[in-house]
Structures are given as structure tokens and as C-alpha cells.
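Work through the exercises below with the sequence and the 3D structure at hand. Try each task before reading its solution.

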Amino acid sequence: MANVAITGAGRGIALELVKLHVERGDQVFALLRDPEGAAALKAIAAGSGGSVTLHAMDVGDDASVRDGAADTGDAAIDVLYNVAGVSGSVTSELESADFTDWAEVFNINVSGPMRVFQAFLPRLKAGAKVLSLGSQVGASTWPYPGYEAYAASKAALHRLMHSIALGTRERGIIAVSVHPGWVRTAMGGPQADLTPQESAEGIAALADRLTPEMSGGFYKWNGEPHAW
Ligand SMILES: NC(=O)c1ccc[n+]([C@@H]2O[C@H](COP(=O)([O-])OP(=O)(O)OC[C@H]3O[C@@H](n4cnc5c(N)ncnc54)[C@H](OP(=O)(O)O)[C@@H]3O)[C@@H](O)[C@H]2O)c1
């Protein structure tokens, strides 16, 4: 049984990760902005015999992350998934960037995973795995012109995870970024390639087989390395 913490756990890919880990018999700390409003997650937790617990956490807010992590107790965390993210403006912003929007996107997509990592760091022991959901649009190898703030934030997140990997190598922590695929969620839209379940299954399988040598890398949901 692993102790698993998941941000943005109320919907999308994160909710599927909750389901998958509870089916495995893991202890899941579901971190989300609005535990009261998360009907599907509450139903899973109610039927889980205590193996899924809900904790309020807005990854964009220092105090909320600190309090949310503290609310989960003091058990060591085996797997931490940073899933919460926002896309910001969906059109090209070359001539009309809204820097309030940019600040929010960077606060949630880059500072958020760092806040969460830091809050749990004392509970990440040797062998602990931290997976942050990046995106192919944050790779220079992916020819996508729009979503400038989102793309830049995910590129920053990939580099942040590389820094975390280097900085925690001697402690034995494994930190990676993962492109989850193009997924049929509120963010990915109905035309996307993968179901949230398919994406979550791939990401969890990748988590299972992560080794210290893989730390700092950027991977696809199917476990293949992703070009930066
Ligand atoms: N779907 C795709 O095709 C795709 C492709 C590449 C990368 N990704 C990445 O994969 C991750 C999950 O995406 P998804 O498709 O599952 O998106 P989604 O269905 O739109 O869900 C986004 C999740 O992030 C949470 N969130 C947003 N801001 C938050 C905050 N300040 N604090 C805590 N939680 C917050 C949302 O919670 P609320 O319910 O409270 O809003 C929601 O649970 C994201 O990081 C995204 O960038 C997705």
C-alpha cells in the first residue's frame, strides 16, 4: 500500500488517478480547492472505507497549500502527483497578452507544484516519486503557436522538475514531468485522443517503473521519453 497525494483531485485526469489508486488499495490524499462541491470524489471517498480523504488545497495560495498538506497528517508520501493546472487564454496573445492572466497561469502551473512539493518535502523519503503534469505545448519540439502563457508555464514547470530532481538526487527522491496526452477533459475538450482513464493508467504505470536514473526527465503518458 502506497500513500499517494494528488492535487486538483475533484475532476479530470486527477480524479481518474484517485480511482485507480483506491482500486489498488492505496491511501489517497485528495487535494482540491472545493471538497464540498466535488460530488464524484465524495462518492468515491464515501465508499472507500477511509482510504480516500479530502483536503482543501488551492495550489495558488501559500497558506492553503501549507494548511492542506498539514491536514493530511504526517505519514510519508510515496507518490505525489501535481495535476492541478489552468490553460489561461486559449487564443494567441502575441498582440494582446493579459498579464493578470499570465500571472495567474504561472502562479498555478509553476509556483503551485513548487509550493506543493515544498509542503510535502519533509515527508518525501528515499524512493518517493513526484510527477508533475506538464504538456507537449511546453516543449520546443512541438510546433504549436498559441497558448503562449500556458506553453511558457509548462516549459518552466519541466525545467523546475529537472531542478528538483538535481537538488534531491542525494535524498533519493525521483522527480519527473509528464505530458498526459491530449485528454478528453474540460481542458482537453471532447475531440481529444485519450480518455482520462487511459491517461491516468499510463501515468500510474510510469510512476510504478520510475527509477532514480529517470529522475529529471520529461515523459509521455505512455512512458516514452518526450523530447524537450
Ligand atoms: N487535458 C489535456 O489534454 C492536457 C494536455 C496536456 C497537459 N494537461 C495538463 O494535465 C493537468 C490536468 O488537466 P485536466 O485535463 O485534468 O484538466 P481539467 O479537467 O481542466 O482539471 C483541472 C484541474 O485543476 C484544478 N485546479 C485549477 N486551478 C487550481 C488551483 N488553483 N488549486 C487547485 N486545483 C486547481 C481544477 O480544480 P477546480 O475544479 O477547483 O477548478 C481541476 O481539478 C493540467 O496540469 C493540464 O495542464 C492536460
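**Exercise 1.** Is Arg-24 buried, partly exposed or exposed?

Solution. The model is predicted, and its values are computed from it. Step one: buried means under 20% relative accessible area, and exposed means over 50%. Step two: Arg-24 has a relative accessible area of 40%, so Arg-24 is partly exposed.

**Exercise 2.** Which side chain meets Arg-24 in a salt bridge, and which parts does the pair tie together?

Solution. The partner is Asp-208, at 2.9 Å from N to O. Asp-208 belongs to helix α6 (residues 196-209), whereas Arg-24 sits in the loop between α1 and β2, so the salt bridge ties together parts that are 184 residues apart in sequence. With 47% relative accessibility, Asp-208 counts as partly exposed.

**Exercise 3.** Compare the expected span of helix α1 with the distance between its end C-alpha atoms.

Solution. Helix α1 has 12 residues, residues 12-23. At 1.5 Å a residue the helix should span 16 Å. The end C-alpha atoms are 17 Å apart, which agrees.

**Exercise 4.** How far apart in helix α1 are Glu-16 and Lys-19, and how is each covered?

Solution. The two are three residues apart, which means a separation of about one helical turn. An α-helix has 3.6 residues a turn, so residues three or four places apart point the same way. Glu-16 and Lys-19 form a salt bridge, with the closest N and O atoms 2.9 Å apart. Glu-16 counts as buried at 15% relative accessibility, while Lys-19, at 31%, is partly exposed.

Definitions and conventions:
Residues numbered from 1 in each chain as written. Predicted model: local features only at pLDDT ≥ 70, side-chain atom pairs only at ≥ 80, totals over all residues. Heavy atoms only, no water. Helix = DSSP H or I, 4+ residues; strand = E, 2+ residues; numbered from the N terminus. Expected span 1.5 Å × (residues − 1). Salt bridge = Lys/Arg side-chain N within 4 Å of Asp/Glu carboxyl O. Buried < 20%, exposed > 50% of the residue type's maximum accessible area, 1.4 Å probe, protein only.
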